[in-house]
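Reader: I'm new to this one, could you walk me through it once it's on screen?
Author: Gladly, let us bring it up and then go step by step.

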Amino acid sequence: MSKKIDIFLTHLHFDHIQGLPFFTPFYDNNFKINIYCPYYPNISLKNVIYSIFNHPFSPICNKGIKANINFYELDFKKNKSVKIDENIKVEFTKDASHPISGVLIYKLISENKSIVYATDVESPKGFKSKIIDFIKGAEVLIHDAQYIDSEYYNEKNSKEGFGHSTVSMAIKNAIKCDVEKLFLFHYNPDRLDNDLERILKDAKKMFKNTFLSRELDKIDLRS
Ligand SMILES: [Zn+2]
Ligand SMILES: [Zn+2]
């Protein structure tokens, strides 16, 4: 029986898809890979994803893909959730703050536990009430934390309107949404590990259950 992988893309900016050609299950016919993404009028998710496996981006080409790939374009106006397993449902809502078309925020729910993935969002005044209601009470919130306040509000080089959060926005939203754990995510690419540890230390003073997202981390909602 094939192994199933579900990939939920919040949007199609390059930093969110460029790793796909290096994900080895694509080249293994034992895998079935479902890719979910927001619906964009006149843009085919399948064409976008296949294009990065093709010349001139890559020599692999479509025929190099051996897994069984399925594409699902999620139209927020028509749907609000998808069921990916007997006991796992993924709900989604739209946040419009990220240029140009906003992103989907996903909430994975299993056995009354939930984990929310909210990246590429910007909310200097905190999330709007409909998004707070959507996240409210989740066990885990993974939240954009690209900047610190001194970068975001920098007079000469402000990051306002870039569609990303500060660490303090993430913390305020975590508190407002009454989540158990906050995972900082989408770091400024200039950060060194030491910078992130320092950011984490400061963040924990304001929200004790703050963590850094790390590659290959697994989050067990039962613990
Ligand atoms: Zn983006
Ligand atoms: Zn991004």
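Author: One term is needed before we start: two residues are in contact if their C-beta atoms, placed from the backbone, lie within 7 Å. Please also keep in mind that this is a predicted model.

Reader: OK, so what is the protein divided into?
Author: There is a domain 1, covering 1-74, and a domain 2, covering 75-223, and the C-alpha centres of these two domains lie 24 Å apart.

Reader: And how many residues of each are in contact with the other domain?
Author: On the domain 1 side there are 10 residues, and they are in contact with 15 residues of domain 2. The strands β1, β2 and β3 each supply at least two residues of that side of domain 1, whose residues divide into six nonpolar, two polar and two charged.

Reader: Which order do those strands have in their sheet?
Author: The order is β1-β2-β3 in an open sheet of three strands with parallel pairing. At the edges are β1 (3-8) and β3 (68-74), each pairing on one side only, while the twist averages 15 degrees from one strand to the next. Between β2 (residues 31-38) and β3 there are seven bridges, and Y36 stands opposite Y72 in β3.

Reader: Switching topic, which residues have the most contacts inside the largest nonpolar core?
Author: Those are I105, V116 and L141, in a core of 37 residues. Both domain 1 (1-74) and domain 2 (75-223) give residues to this core, so it lies between them.

Reader: What is L141 in contact with, leaving aside neighbours within four places in sequence?
Author: Its contacts are V116, A118, I135, A174, C177, V179 and L182.

Methods
Residues are numbered from 1 along each chain as its sequence is written. Chains are lettered from A and ligands numbered from 1 in the order in which they are written. This is a predicted model: local features need pLDDT of at least 70, side-chain atom pairs count only at pLDDT 80 or more; totals for chains, interfaces and linings use all residues. Two strands pair if DSSP finds at least two bridges between them. Helices (H or I, at least four residues) and strands (E, at least two) are DSSP runs, numbered from the N terminus. Axes are lines fitted to C-alpha atoms, for helices over the stretch in contact, and angles run from 0 to 180 degrees between N-to-C directions. A nonpolar core is a set of buried Ala, Val, Leu, Ile, Met, Phe, Trp, Tyr and Cys residues joined through C-beta atoms within 7 Å. A residue is buried if 20 or more other C-beta atoms lie within 10 Å of its own, exposed if 12 or fewer, and partly exposed in between; C-beta atoms are placed from the backbone. Domain bounds come from an automatic or database domain assignment. Ala, Val, Leu, Ile, Met, Phe, Trp, Tyr, Cys and Pro count as nonpolar, Asp, Glu, Lys and Arg as charged, and the others, Gly among them, as polar.
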